[in-house]
Amino acid sequence: MSNHPAASISLTRYLIEEQRAGRINAELRQLIAVVARACTSISIAVSKGALGGVLGDAGTGNVQGEAQKKLDVLSNDILLEANAWGGHLAACASEEMDHCQPIPDAYPRGNFLLLFDPLDGSSNIDVNVSVGTIFSVLRCPDGVTTPTDEHFLQPGTAQVAAGYCIYGPSTMLVLSVGHGTHAFTLDREQGAFVLTQGDMRIPDETAEFAINVSNQRHWEPAMQQYVEDLLAGKQGPRGKDFNMRWIASMVADVHRILTRGGIFIYPWDRKDPSKPGKLRLMYEANPMGMLVEQAGGAASTGRGRILDIAPTQLHQRVPVFLGSRNEVAAVERYHATAVASA
Ligand code: AHG
Ligand code: MN
Ligand code: MN
């Protein structure tokens, strides 16, 4: 038996009320519902683990030069299949596909573009740690019937919706249609997402950071200084003790930050100078940036707002600093000071 109250608000009801309030149209409402259904299917596959034969490598690579896990490929297929026939989309783009994929000719094409990181945190799949799906919705430019990669190159400010689904101890969908960030928990018996944390707010101040410190030797001087000062604690220039967490699933790290604050960092580093950071602008930084800003936080490259970047490539990478706004401002000051004294 389900133990949420009878008057609880399902995702379906939330979306219908957003439509009534004129904040989304029917097409976008149905598109989000389809994405949520696909995430439910992915959640079922993830939770079967070894029993479902879904663990391990797929034996293939993606355009990012990364080895694909079976679940990367399966999740991508689930999202593509679920979104092919609804008539709400013109095309999909994915971290796991070289180029965007227009909706097949057999189905009507709609007015939106969907981007996704089908399975975020792939290194955690085989060790039974939280993973997720991240998505972003853009408008298809007027008059375009067969979108190509260039039609996806819109700044994060153009997103009409963004969200993620976290497959953790519980499965949660966190969504923004530009009017706050809201979290829904999957009720498995009902097969429905139920609103459990409306209007998430990230505290302005934090004493918790998330970064993979094993890359320290590759960081630029501003980052070296910033983290050195965090680690110096109360006696150092920041005047307080900081705690650290790193799950290595952006979805899980960002979920913690949306829940209790913090700063998530994946900076530019010298490990591979051809890549300006590890995380992808279109599938990770932009959707997470929108969710964080809509919850009162900030999302920056260290040198400017992520959502203002004019993308040049579908699979472009960017440095990411997001979370509690005063801490993001602090990290921007370290970068600005480094430029000034260079
Ligand atoms: P993905 O699994 O989609 O490739 O993304 C992994 C990303 C992100 O989720 C996480 O924050 C980061 O990579 C972890 O990187 P490290 O393994 O370098 O810590
Ligand atoms: Mn990812
Ligand atoms: Mn991924």
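**Exercise 1. Read the spacing of the donors of the manganese ion (ligand 3), then place them on the chain.**

Step 1. Along the sequence, the donor residues of the manganese ion (ligand 3) follow the pattern E-x21-D-x1-L. A donor here is an N, O or S atom within 2.8 Å of the metal (3.2 Å for Na, K and Ca), and sites may look incomplete because water is not among the atoms.

Step 2. Put names to the letters: Glu95 (OE), Asp117 (OD) and Leu119 (O), at 2.2 to 2.3 Å from the ion.

Step 3. Locate the ends. Glu95 is in the loop between strand S3 (89-94) and strand S4 (101-102), while Leu119 is in strand S5 (residues 112-120). The pair links distant parts of the chain, 24 residues apart. Strands (E, at least two residues) and helices (H or I, at least four) are DSSP runs, numbered from the N terminus.

Step 4. Check burial. Glu95 counts as buried because its relative accessibility is 3%. Leu119, at 1%, is buried too. Buried means under 20% relative accessible area (1.4 Å probe, protein chains only), exposed over 50%, partly exposed in between.

A note on the model: it is predicted, local features need pLDDT of at least 70, side-chain atom pairs need 80 or more, and totals for chains, interfaces and linings use all residues. Residues are numbered from 1 along each chain as written, chains are lettered from A and ligands numbered from 1 in the order written, and side-chain values use heavy atoms, without hydrogens and water.

**Exercise 2. Which residue coordinates both manganese ions?**

Step 1. List the donors of the manganese ion (ligand 2): Asp117 (OD), Asp120 (OD) and Glu284 (OE), at 1.8 to 2.1 Å.

Step 2. Asp117 coordinates both ions, which are 3.8 Å apart.

Step 3. Asp117 lies in strand S5 and Glu284 in helix H6 (residues 281-294), so this pair ties together parts 167 residues apart in sequence. Both Asp117 and Glu284 are buried.

**Exercise 3. Describe the surroundings of ligand 1.**

Step 1. Count the shell: 18 residues surround ligand 1, and Asp120, Ser122, Asn212, Met250 and Tyr266 are the closest. A shell residue has a heavy atom within 4 Å.

Step 2. Find the main supplier. S5 gives the largest share, three residues.

Step 3. Look for polar contacts (N or O pairs within 3.5 Å). A side-chain N or O atom of Tyr266 is 2.6 Å from an oxygen atom of ligand 1. A polar backbone atom of Met250 is 2.8 Å from an oxygen atom of ligand 1.

Conventions: A polar contact is a pair of N or O atoms within 3.5 Å; within protein, one must be able to donate a hydrogen and the other to accept it, and residues adjacent in sequence count only if both atoms are side-chain atoms.
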